[in-house]
Amino acid sequence: MAESRRALVTGGAGFIGSHLVDRLLAEGFRVTIVDDLSSGKIQNVNTAATFCHADITHADVDEILGREQPDLLFHLAARVSVARSAQNPVDNAEVNVIGTLKLLEAARKIGLEKFIFASTGGAIYGDPEQNPCSEESPIEPVSPYGLSKHVGEQYIDLFHRLYRLNFTNLRYGNVYGPRQDASGEAGVIPIFIQAMRDGNQPRIYGDGDQERDFIYVDDVVEANIQAIHAGNNRTLNIGTGVGTSINHLYQILKESMNYQHDAERRPHRHGEVHKIFLDCTVAMEQLGWSPNTALEEGLRKTVEYYCSEAVPSRRSA
C-alpha cells in the first residue's frame, strides 16, 4: 500500500517537482523534498511533505537518504537553462552530473527500490535531421545541458549494471503549465503570457519557425506515476509527438488573451535547436501512458493561472 511507502523528490520546490509532490501525496505516499531553493520557490512546497533545504552536490544527501529511507527517488533537481549551461558549463556539470552521481551512490547504499530520472528529450538529440525523434535517434547534444543529462543517464545505467539499481529515465519535451518560472528558454510560455498580461511586447528570436514538443505538466507527472511500477530499466521519451512553432504558439496566446500587438523580432540565438519533437510510442507501450492534454486546453489553464488576481500559495494548500 502507498500509505507505508516513501518517496523522495529532488527539486520538489520547483515547477514540475512541486506538481509531482502534490500527486504523490494524493496517492498516499509519505514524501520528502530535497531542494536548495536556487530556482525552486518555498511557496511551491506542500506542507504535507517533509522539506529538506539541501544541495544535492553536498555530502548531506547521504545523511538525508539514510534518515528518510525512501523506497523511490524522483530526481528532478538540475540546472535546466540551456543558455546558462553554455555560459557556465562547469557549474552545469557539477549539479547535473556530480549531483546525480552523489544521489546514485547514496541510493545504492540504502538499497533504493527505484531511481526515476528527469532527463531531456528537447536537448539530448541536438538538432536532429529527422523528427519525431525516437529513443534510438542519435544522441548529439549541442549544449552542455543536453550533454550533462546524457552523462547522467549513462551513470544511472551503469549503476543498474553494477549494483542492480532499478531505474526509469524519462526524456521530457518542453514542459509547461502553472508555476513555471518565466526565465530561461524552457519558460517561453510564461514569458509570453506575462508580457501580454502586463502590456509589454514579447520577443521572438529568429524567424519563429522553430518547433518544440510542448507537453502539459500534469501529463509529465502522470508518466512519473506510471514509472513507479513500469518501464523498468528503460529510457523513454515523454512528449506529444507534435511539433508546434513559436509563431503558432504566439498566435494561440495572442487570441486567448485578446492581445493586439505583434511580437518584437530579435536575431536568431546561437546554438538554438531548430526543430525537435518526440516519438513516444515506447512510453505508451511500456508505461500504458499517453498525453491527455491538448495544447489549447493546457494553454488555457496556464493563462488562467498567470492571469488570476492572486496566484495561490502552496503554503496554504
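Helix α4 (residues 89–110) lies across three strands, β1, β4 and β5, and its direction makes an angle of about 170° with β5. In this predicted model, helix α5 lies across β5, β6 and β11, at about 160° to β5. The strands that these helices cross belong to an open sheet of 7 strands with parallel pairing. The points below take up the sheet, strand β6, the nonpolar cores, helix α7 and the salt bridges.

**The sheet**

- The order of the strands in the open sheet is β3-β2-β1-β4-β5-β6-β11.
- The edge strands are β3 (50–53) and β11, each of which pairs on one side only.
- From one strand to the next, the twist averages 20°.
- Strand β1 (residues 6–10) is joined to strand β4 (residues 72–75) in the parallel sense by 4 bridges.
- Within that pairing, Thr 10 has His 75 of β4 as its bridge partner.

**Strand β6 and its neighbours**

- Strand β6 spans residues 167–172, and 6 of its 6 residues are buried.
- Side chains in a regular strand alternate between the two faces of the sheet.
- Phe 167, Asn 169 and Arg 171 point one way from β6, whereas Thr 168, Leu 170 and Tyr 172 point the other way; the residues of both sets are buried.
- Strand β5 (residues 114–120) runs parallel to β6 and is joined to it by 6 bridges.
- Phe 115 is placed opposite Phe 167 of β6.
- Strand β11 (residues 234–238) also runs parallel to β6, with 5 bridges between the two.
- Arg 234 in β11 is the bridge partner of Thr 168.
- A right-handed β-α-β unit is made by β5, helix α5 (residues 144–163) and β6.

**Nonpolar cores**

- The largest nonpolar core contains 66 residues.
- The residues with the most contacts inside this core are Leu 24, Phe 74, Tyr 172, Ile 238 and Leu 287.
- Helix α1 (residues 15–26) gives the most to the core, contributing 6 residues.
- A second, separate core has 23 residues, among them Ile 64, Ala 106, Phe 115 and Phe 117.
- Phe 74, leaving aside neighbours within four places in sequence, is in contact with Ala 7, Leu 8, Val 9, Thr 10, Leu 20, Leu 24, Ile 116, Asn 224 and Ile 228.

**Helix α7**

- Helix α7 (residues 217–226) is largely enclosed by the rest of the structure, because 7 of its 10 residues are buried.
- The buried residues of α7 are Val 217, Asp 219, Val 220, Val 221, Ala 223, Asn 224 and Ile 225.
- Asn 224, one of these buried residues, is also among the contacts of Phe 74.

**Salt bridges**

- Side chains of opposite charge can pair when their charged atoms come close.
- The count of salt bridges in the model comes to 18.
- Glu 153 forms a salt bridge with Arg 171, and their closest N and O atoms are 2.7 Å apart.
- Because Glu 153 lies in helix α5 and Arg 171 in strand β6, this pair ties together parts that are 18 residues apart in sequence.
- Glu 153 is buried, with a relative accessible area of 3%, and Arg 171 is buried as well, with a value of 5%.
- Arg 203 and Glu 264 form another salt bridge, with the closest N and O atoms 3.6 Å apart.
- This second pair links distant parts of the chain, since Arg 203 is in strand β8 (residues 203–205) and Glu 264 in strand β13 (residues 264–266), 61 residues apart.
- Arg 203 counts as partly exposed at 40% relative accessibility, and Glu 264 is partly exposed with a relative accessible area of 24%.
- The side chains of Glu 211 and Lys 275 meet in a salt bridge with an N to O distance of 3.9 Å.
- Glu 211 is in strand β9 (residues 211–212) and Lys 275 in the loop between β13 and α9 (281–287), so that distant parts of the chain, 64 residues apart, are linked.
- Glu 211 has a relative accessible area of 19% and is buried, while Lys 275 is partly exposed at 30%.
- Arg 23, Glu 27 and Glu 222 are joined into one network by salt bridges that share partners.

Terms used:
Residues numbered from 1 in each chain as written. Predicted model: local features only at pLDDT ≥ 70, side-chain atom pairs only at ≥ 80, totals over all residues. Heavy atoms only, no water. Buried < 20%, exposed > 50% of the residue type's maximum accessible area, 1.4 Å probe, protein only. Pairing = 2+ DSSP bridges. Right-handed = clockwise from strand over helix to strand, strands pointing away. Axes fitted to C-alpha atoms, helices over the stretch in contact; angles between N-to-C directions. Contact = heavy atoms within 4.5 Å. Core = buried A, V, L, I, M, F, W, Y, C linked by side-chain atoms within 4.5 Å. Salt bridge = Lys/Arg side-chain N within 4 Å of Asp/Glu carboxyl O.
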